[in-house]
Structure formats: structure tokens, C-alpha cells
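Hi there,

Here's the structure I promised to pass on. Have a look at it first, and then read my notes below.

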Amino acid sequence: MPSKWLLLVVGLAAVSFFSADAYPHVTGMVLLVAVLLTIFLSFRMSKNVRQLIDSARRMASGDLAERTHIESRDEVAELGRVLNQLATKLQNALGALRKERDLMNRVLEGMEEGVLLLGKDGRVVFANTALRNLLHLNVDVMGKSQLELIRSATLKRIIDEAKFSMELVSAEFDVSSELGSRRLLVHASAFQGEPQGMLAVFVDVTDLRRLETLRRDFVANVSHELRTPIAVVRSATETLRRTMEVQPELSDEFVGIIERNTERLHQLVEDLLDFSHIESREFRLVLEDVDLRDSIAQALLLFQKQADAKGVSFSVVIPEGIPLIRADRRRLEQVLSNLLDNAIKYGAENMPVQVEVEPLHEFVRISVKDAGQGIEAKHFSRLFERFYRVDAGRSRAVGGTGLGLSIVKHLVEAMQGWVSVESTLGQGSTFYFTLPVAHSAVRSMA
């Protein structure tokens, strides 16, 4: 009961007590008023207290938007106002926590790295989308153990080591799935204090390790390719110096050896520069409408002398009405030159090399066919790799660098085409590449 009303009731009771003998009828009325006032005040206070209890229960159940509405100036109303202030502060704090949680979830879900959080019992508390995609996991992973998700003894060892050492542990391990094997780098660390658990961050380094392997192989192959002609030039030079005075008639032979290997070195360096330029971001194509007849004729003219020396003739098949193509003229001639060079080098003597053009929907297919010994099918998948050789000894003997077909593949794909090969042992090889038809030609065909 509010204090001021309590004082009023006490006062009435005192009046009735002291006036009981002198004014008995007044005493009865005062007592009646005091009793009625007490009942009214008790009912009013009980109603307000019940409202406070109901509001407090709703707040406790999570409805922080609930507010008390007691319109009085007593202590109960003051308690209601304090309760409202407490609910407002809690609502603001929870709102800030929700914003922080949502921001953290967006950050974790937007990461390319996989994030795995394990509880004290070693079961999954959190796994982001990147981790699910990386490991091809089901959506329902919460509560599962680490070994249920990733069956890797290496990962278990890493997590156990981080758990007991209380330090950051980093290591790489392989995981296999239906889609193939991946190389993952994991950083694992244990939580210090409460709550206890483990945090592991996974980074897919498959492509990075593959590129590192390619780089090492590239350096090794370049070193090997350079070593042979340099050794030959050095040996020929030393021999030439010794024989010039004793047997001058042999000098032409050694000069010829030096010239051939110098040309081989020059070609290798040129191919390396081309390859580096093609793979760099600075590589830019100058696309234009190109007439294949002109480009093929220009390429054949460049190799006429080489073909005559081997008794090779050219056969060109270009149907009437072949449309213009969209390509970089200089790069197209480079593609044709590489294919023609290979066809002459590896084709049979006194046999033709055929160049054929045919329309293929919105593309044009150009093929270069030789009559050499052919290529086994097992080599097809790697034929366009840098420095890959079907017959390393024979390739070096004819002056090949091992980069020509790789350059062809990169250039054709850069011009929105594709390359392929068909070959049968003893029956020669045919290399194809396609290029898109010029926009003007597409409109006219439509």
C-alpha cells in the first residue's frame, strides 16, 4: 500500500480510538471509512501488482517490447517505470548483439575460406557455407564429430596437437571425394578460457600447389632445353678453333652446327617470350574481320622454302562462300605457322600437307593434316601442354621447342575458339581449330 494512503488510514484509526468514548457514532463512521479505504487501496494495489507480474513474465519470456502502463504516482507505478527502463535497455542491448551477430554471420558466410567451430566435446558448433562446399558436406552438420565430417587422420592429429599445445597449428592434408582430390591448408587453434572449443580455418591450395609444380617443371624444362644447344654451340666453337688452322675445310661443318643451334636457341627464346606474353594480363587481342584465304596464303608462303626442301606439297581446300571470321590477324597467322611448321617437320617426305576450311554453324573450322607416322591416342590429353613431347629425341632433332602447340591452344581459346586433334598410327595427324564467324557474316546468314 502506498505510504501516503497508509498514513491516512492510520490517522483515521487513531481518531476513532481517541474519540470512541466521547463520540461513539463518529467513531463507527471513521472506522467504516478506514475499512473501505483499506479495501479499495488493497484492491488497487493488487491490480497494479498483478499487471507488473504479467508484464515481467512476458519480458522474461523474450517479449521485450512489453511495457507496464500504471498511471499513478505511487511506489508501484515507480517500480513499473523502472521495469520499463530495464526492458528498453535490454532490448537495445539485444538489438546491438543481433546486429553484431548478423554482421559476423555475413562475414563468415562471405568468406572463401572454410570455417569450422568445434565445442568442448569435439562436435560441430558452426560450419560456414564455404566449408560445406569445399568438403561437399550435407547441410545438417551440427552436432556431428569432426571425423564424421572429414575422415582424415592427419586432420585429427592437427586438431589434437592444437588442443593440447594451446597454440596455432598449421598443416596441409589431402581430402578425396567423388569430384576428385583436393589439397587443403588448415589453421587450428584452441579457445583459451570459457567456452572451450576449437576453431579451424580451411584454405583450398590445390590450384596454388599445382601452379607451383608447373613453375618448377617449367624452370626445369627450360633449363634442359637451353642446356643442349648451348653445350653443342660451345663444343662446336671449341672444335672449330682447334681445326681452323689444321683442317680449315671442316670449318663450314662446325659453323653450320653453330648456326642451327643458335637458331634453335633463338626460336626457344621467342617461344618463351610469346608464351609469357600470352599468359600475362598485358596480352591483348586486336580483333577484326579476317578473310581466311589471305591468312592461309600468307602462312603457306612463309613455309614454301621449308616444304620444298623436304619435297612436301600443299593442298588447300576452301569452299566458296566461306564467311569472314572474327580474329586477331597476326595471332591467327601465328597459329597457322605453328601447325604448318609441325606438319612439315613431322610429316613424311614427298607427301602433301592439306589445309582445309569448313563452316561449322557460327564457327569456321580450319584443319591442318599431315601424312606422318601419327600419334597414339594416349598422348592426346597432354599434347597441348607446354614442353610435352610425344618423342622427345625426334622433336629435338628437328628443332622443336615443345611450346608450339601450347601457344596454339592459348591463342585459339583467347579468340573464343577451341583446338583438337585426330590421329592414327601410320596414317598421319590432323589438327583442328575453330574460330567464330564475324558479326556481319552472322547477320547475313540469319
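**Helices first, then the sheet**

Let's start with a pair of helices: α11 passes α13 in a left-handed crossing. Keep in mind as you read that this is a predicted model. The axes of α11 and α13 are 9 Å apart, and the two helices pack at an angle of about 150°. Anything over 145 degrees counts as roughly antiparallel, so that is the label for α11 and α13.

If you'd like to click through the contact, α11 brings Arg331, Gln334, Val335, Asn338, Leu339 and Asn342, while α13 brings Gly404, Leu405, Ile407, Val408, Leu411 and Val412. Sorted by class, the contact of α11 with α13 has 7 nonpolar, 4 polar and 1 charged residues.

Now for another partner of α11. How do the axes of α9 and α11 cross? They do so at roughly 45°, coming within 9 Å, with α9 covering residues 292-302. That angle makes α9 oblique to α11. The crossing of α9 and α11 is right-handed.

On the α9 side of this contact you'll find Leu292, Ser295, Ile296, Gln298, Ala299, Leu300 and Leu302, and they meet Arg329, Leu332, Glu333, Leu336, Ser337 and Leu340 in α11. Here the classes come out as 8 nonpolar, 3 polar and 2 charged residues.

Next, the sheet. It is an open one with 5 strands and mixed pairing, and the order is β7-β9-β10-β12-β11. At the edges are β7 (314-317) and β11 (419-423), each of which pairs on one side only. On average, neighbouring strands of this sheet are turned by 20° against each other, if you ignore direction.

Which way do β10 and β12 run relative to each other, parallel or antiparallel? They run antiparallel, with 7 bridges joining β10 (residues 363-369) to β12 (residues 429-436). For a pair to look up on screen, try Ile366, which stands opposite Phe433 in β12.

This is also where the helices from above come back in. Helix α11 (residues 329-346) lies across β7, β9 (353-360), β10 and β12, and it runs at about 175° to β12. Helix α13 (residues 404-414) packs on the sheet as well, touching β11 and β12, and its direction makes about 25° with that of β12.

One residue elsewhere in the chain is worth a visit too: Ser189, in strand β4 (residues 180-190). Is Ser189 buried or partly exposed? Its relative accessibility is 23%, so Ser189 counts as partly exposed; the cut-off for buried is under 20%. Leaving out residues up to four places away in sequence, Ser189 touches Ala162, Glu167, Leu168, Gly197, Met198 and Leu199. You can also check its distance to Phe164: the two are 25 residues apart in sequence and 9.8 Å apart in space, C-alpha to C-alpha.

Finally, some numbers for the whole thing. The protein chain has 14 helices and 12 strands. Of its 446 residues, 37% count as buried. Looking at contacts with a separation of 6 or more, 59% of them in the protein chain are between residues 24 or more positions apart.

Have fun exploring!

Definitions and conventions:
Residues are numbered from 1 along each chain as its sequence is written. This is a predicted model: local features need pLDDT of at least 70, side-chain atom pairs count only at pLDDT 80 or more; totals for chains, interfaces and linings use all residues. Side-chain values use heavy atoms; hydrogens and water are left out. Two strands pair if DSSP finds at least two bridges between them. Helices (H or I, at least four residues) and strands (E, at least two) are DSSP runs, numbered from the N terminus. Axes are lines fitted to C-alpha atoms, for helices over the stretch in contact, and angles run from 0 to 180 degrees between N-to-C directions. Contact means heavy atoms within 4.5 Å. Angles under 35 degrees count as roughly parallel, over 145 as roughly antiparallel, 65 to 115 as roughly perpendicular and the rest as oblique. A crossing is left-handed if the near helix is turned anticlockwise from the far one by less than a right angle, and right-handed if clockwise. Ala, Val, Leu, Ile, Met, Phe, Trp, Tyr, Cys and Pro count as nonpolar, Asp, Glu, Lys and Arg as charged, and the others, Gly among them, as polar. Buried means under 20% relative accessible area, exposed over 50%, partly exposed in between (1.4 Å probe, protein chains only).
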